[in-house]
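This report goes through selected side chains and their pairings. Please keep the sequence and the model open while reading.

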Amino acid sequence: KRLMVDFELSSLLRWAWTFSSIRLDGLDLRLEVRPDGTFNLAALGGPGDPGQAKQKGDGKLPRLLLQHAALRGGSVTFTDRTISTPTSATLQPIDLELRDISTLPDPRGPYTVSAILRDGGVLFWRGDVSLQPIYSQGEIATRRIRLSTPWRFLRDRLDLAEPAGMIEFSARYRFSYADETTEFALEDTRLAVTDVRLAVPGAAQPLLALEAAEMIRGRFNLIQRELVVPSIEVYKGLVAASVDAKGVVDWQRIVKEQASALPAAPAQGRPWKIRLESVHASEIELRFEDRSRVAPLTARVADF
């Protein structure tokens with residue numbers, strides 16, 4: 001709806017492109033993966049010329065100073081048309097604010113991002129960012145994200161009916177990229193799900209139903225290849241499993257087999273370390289049924 005750019009003549013004195021302010025109101029961005037797997041925005045670059053030699057630059061970013069940038073009332077819609085049922089998700093409104101962002105050595109500027117999903121979920125992201133070197137640290141949090149939102153994009157891979165439940169996530173993060181090495185770490189990670197219900201299509205009984213489950217104080221480090229979960233708490237619910245006449249457990253069928261013509265890539269680097277320090281569960285009902293036996297077997301624990 002509106003774009004305002006305030007360019008400073010002080011650029012001549014700083015020897016850096018200097019913008020006092022850039023403000024964008026009412027951005028409506030529609031991202032789409034087409035049925036053939038191509039990305040709609042890629043077409044903006046026009047057809048490429050394979051015979052044209054690529055120009056090699058010195059790899060340095062231009063000298064740039066952005067004192068203030070803001071996006072107000074933005075909207076981003078992502079649509080995936082590669083799956084059997086084309087699916088969209090919209091973030092609206094999106095508000096973003098950046099201050100003192102620069103490609104000059106070392107300066108770091110603060111930023112804040114907030115967005116709301118069409119189904120009511122909230123995203124909040126704030127911290128500091130540097131472009132020379134590439135570095136960012138801060139906090140990210142989501143609230144009231146419905147489990148059905150990611151499920152819509154994965155339904156071709158999962159044999160699950162539309163799930164019920166809400167997700168909340170928060171963490172402190174640190175990211176940097178230098179010398180072709182990426183560092184990424186999460187700390188004080190919290191992941192909570194509430195009122196969860198997972199079931200196979202057409203089933204009267206869920207595979208999993210939980211009032212609440214929570215992971216707290218998790219730590220993830222990409223360089224050290226380590227994931228540490230100090231505690232998982234699970235409250236009030238049902239876990240059910242059944243074996244069919246062929247001896248297959250229903251949980252095994254949740255992830256559909258995907259045909260792939262590509263061989264599995266060999267593992268590189270040292271192995272991952274995953275440590276779960278404690279699990280606490282209370283008031284969980286367990287059900288099991290085995291129909292592969294001549295005389296079907298059922299078992300139930302009312303309160304585990």
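Is Ser176 buried or exposed? The model is predicted, and in it Ser176 has a relative accessible area of 17%. Buried means under 20%, so Ser176 counts as buried.

**Two buried polar residues**

Ser176 is part of strand E9, which covers residues 164-178. When neighbours within four places in sequence are left aside, the contacts of Ser176 are Ile134, Tyr135, Thr181, Thr182 and Glu183.

Glu285 sits in strand E15, residues 279-290. The relative accessibility of Glu285 is 15%, so this residue is classed as buried. Which side chain does Glu285 join in a polar contact of 2.8 Å? The partner is Arg300. Arg300 also appears among the residues in contact with Glu285 once neighbours within four places in sequence are set aside. The others in that list are Gly237, Leu238, Val239, Val301 and Ala302.

**Salt bridges**

Side chains of opposite charge can pair when their charged atoms come close. How many salt bridges does the structure hold? The count is 17. Three of these pairs are set out below, with the distance from N to O.

| Pair | N to O distance |
|---|---|
| Glu187 and Arg172 | 3.2 Å |
| Arg172 and Asp188 | 2.9 Å |
| Arg275 and Glu226 | 4.0 Å |

Arg172 takes part in a salt bridge with Glu187 and in another with Asp188. For the pair Glu187 and Arg172, with closest N and O atoms 3.2 Å apart, the link is between distant parts of the chain: Glu187 belongs to strand E10 (residues 181-198) and Arg172 to strand E9, 15 residues apart. The exposure of the two partners falls in one class: Glu187 is partly exposed, having a relative accessible area of 30%, and Arg172 is partly exposed, with a value of 38%.

The salt bridge between Arg172 and Asp188 is 2.9 Å from N to O. Because Arg172 lies in strand E9 and Asp188 in strand E10, this pair ties together parts that are 16 residues apart in sequence. Asp188 has a relative accessible area of 43% and is therefore partly exposed.

Arg275 and Glu226 meet through their side chains at 4.0 Å, N to O. What does this pair tie together? Arg275 is in strand E14 (residues 273-276) and Glu226 in strand E12 (residues 226-229), so the salt bridge connects parts that are 49 residues apart in sequence. Arg275 is partly exposed, with 40% relative accessibility. Glu226 is also partly exposed, at 22%.

A further group is a network: salt bridges link Arg2, Arg23 and Asp25.

**A nonpolar surface patch**

Which residues make the nonpolar surface patch of about 440 Å²? They are Leu3, Val5, Phe7 and Trp17. Strand E1, residues 2-7, gives the most to the patch, with three residues. Trp17 is found in strand E2, which runs over residues 17-25. Is Trp17 buried or exposed? The relative accessibility of Trp17 is 53%. Exposed means over 50%, so Trp17 counts as exposed.

Taken together, the buried residues described here are Ser176 at 17% and Glu285 at 15%, whereas Trp17 in the patch is exposed at 53%.

Notes: Residues are numbered from 1 along each chain as its sequence is written. This is a predicted model: local features need pLDDT of at least 70, side-chain atom pairs count only at pLDDT 80 or more; totals for chains, interfaces and linings use all residues. Side-chain values use heavy atoms; hydrogens and water are left out. Patches are made of residues with over 30% relative accessible area and no salt bridge: like charges are joined within 9 Å, nonpolar side chains (Val, Leu, Ile, Met, Phe, Trp, Tyr) within 5 Å. Accessible areas come from the Shrake-Rupley method with a 1.4 Å probe; for residues, only the protein chains shown count as cover. Helices (H or I, at least four residues) and strands (E, at least two) are DSSP runs, numbered from the N terminus. Buried means under 20% relative accessible area, exposed over 50%, partly exposed in between (1.4 Å probe, protein chains only). Contact means heavy atoms within 4.5 Å. A polar contact is a pair of N or O atoms within 3.5 Å; within protein, one must be able to donate a hydrogen and the other to accept it, and residues adjacent in sequence count only if both atoms are side-chain atoms.
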